[in-house]
Amino acid sequence: MATATAAVAAKRKPVFIKVDQLKPGTNGHTLTVKVVSSKPVKTVGTKGPRSSSSMLLSRPSRRPSRISECLIGDETGTVIFTAHNEQVDVMNPGATLILRNAKIDMFKGSMRLAVDKWGRIEVTEPASFQVKEDNNLSLVEYELVNVVEE
């Protein structure tokens, strides 16, 4: 039992950041945000196995995959969050959420926030801040530039 308590003691406290501190290509973010809006993008059906031999190689789930784009933010700005499957259910406009281990994905040159299987979304009590909707980080277009060192 001593090793289990040592592992708990070794966990570090999460460092909460603000939306305007997000940068392309970063991950491991913990944020408290409000959902401004949520709109379904698409529902993708997964194909079932064609034969018994391909059953071992196919995905076990035949449920459709749901994706929504949600505008989330805090008092410093907003960013588009890409919600997948069960995440879509908690992305209700007005909800306050804690995103743990969130990462920045780039989509067509703009930043999108996402939480994969290594992260967590928690619904929390309503926050007191007003979302600053006129600073949308997902509207900033980035371009990948290769720097050649001489």
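## A first walk through the model

Let's start with T96, which sits in strand β4. Before going on, note that this is a predicted model, where local features need pLDDT of at least 70, side-chain atom pairs count only at pLDDT 80 or more, and totals for chains, interfaces and linings use all residues. Residues are numbered from 1 along each chain as its sequence is written, and side-chain values use heavy atoms, leaving out hydrogens and water.

**The overall layout**

The protein has three helices and six strands. Both kinds of element are DSSP runs numbered from the N terminus: helices are H or I runs of at least four residues, and strands are E runs of at least two. Follow the sequence and you'll meet them in the pattern α-β-α-β-β-α-β-β-β.

How much of the protein is buried? Of its 150 residues, 32% count as buried. Here, buried means under 20% relative accessible area, exposed means over 50%, and partly exposed is in between, using a 1.4 Å probe and protein chains only. As for the outside, the protein exposes about 10500 Å², with carbon and sulfur atoms supplying 54% of that area. Accessible areas come from the Shrake-Rupley method with a 1.4 Å probe, and for residues, only the protein chains shown count as cover.

Contacts, meaning heavy atoms within 4.5 Å, often join distant parts of the sequence: among contacts with a separation of 6 or more, 65% are between residues 24 or more positions apart.

**Back to T96**

T96 counts as buried because its relative accessible area is 3%. Its side chain reaches the backbone nitrogen of A127 at 3.1 Å. That's a polar contact, a pair of N or O atoms within 3.5 Å; within protein, one must be able to donate a hydrogen and the other to accept it, and residues adjacent in sequence count only if both atoms are side-chain atoms. Setting aside residues up to four places away in sequence, T96 touches T32, V33, K34, E122, V123, T124, E125, P126 and A127.

**The nonpolar core**

In soluble globular proteins, nonpolar side chains tend to be buried together. A nonpolar core is a set of buried Ala, Val, Leu, Ile, Met, Phe, Trp, Tyr and Cys residues joined through side-chain atoms within 4.5 Å. Which members of the largest core touch the most others? Out of 23 residues, they are L22, I72, F81, M91, L99 and L113. Strands β1 (27–44), β2 (65–74), β3, β4 and β5 (110–114) each supply at least two residues of this core, and β4 gives the largest share, four residues.

I72 is a good one to click on. You'll find I72 in strand β2, where it counts as buried because its relative accessibility is 0%. Leaving aside neighbours within four places in sequence, its contacts include V33, V35, F81, M91, L99 and L113. I72 and P93 are 21 residues apart in sequence, while their C-alpha atoms are 8.9 Å apart in space. M91, also on that list of contacts, touches V35, S38, C70, I72, F81, A83, L97 and I121, again not counting residues up to four places away.

T78 is another residue in touch with I72. T78 belongs to strand β3, and beyond four places in sequence, the residues T78 touches include V19, L71, I72, G73, V131 and S138.

**Two unusual backbone angles**

Most residues other than glycine have a negative phi. N85 has a positive one, near 50°, and so does N101, near 55°.

**Some places side by side**

| Residue | Where | Relative accessible area |
|---|---|---|
| T78 | strand β3 | 0%, buried |
| N85 | loop between β3 (77–84) and α3 (86–90) | 24%, partly exposed |
| N101 | strand β4 (96–107) | 33%, partly exposed |
| Y142 | segment after β6 (120–124) | 36%, partly exposed |
| Q21 | loop between α1 (2–10) and β1 | 45%, partly exposed |

**Out at the surface**

Y142 joins M106 and V140 in a nonpolar surface patch of about 250 Å². Patches are made of residues with over 30% relative accessible area and no salt bridge: like charges are joined within 9 Å, and nonpolar side chains (Val, Leu, Ile, Met, Phe, Trp, Tyr) within 5 Å. A salt bridge is a side-chain nitrogen of Lys or Arg within 4 Å of a carboxyl oxygen of Asp or Glu.

Last stop: Q21. A polar atom of the Q21 side chain lies 2.7 Å from the backbone nitrogen of K18. Q21 and L137 are 116 residues apart in sequence, with their C-alpha atoms 9.8 Å apart in space.
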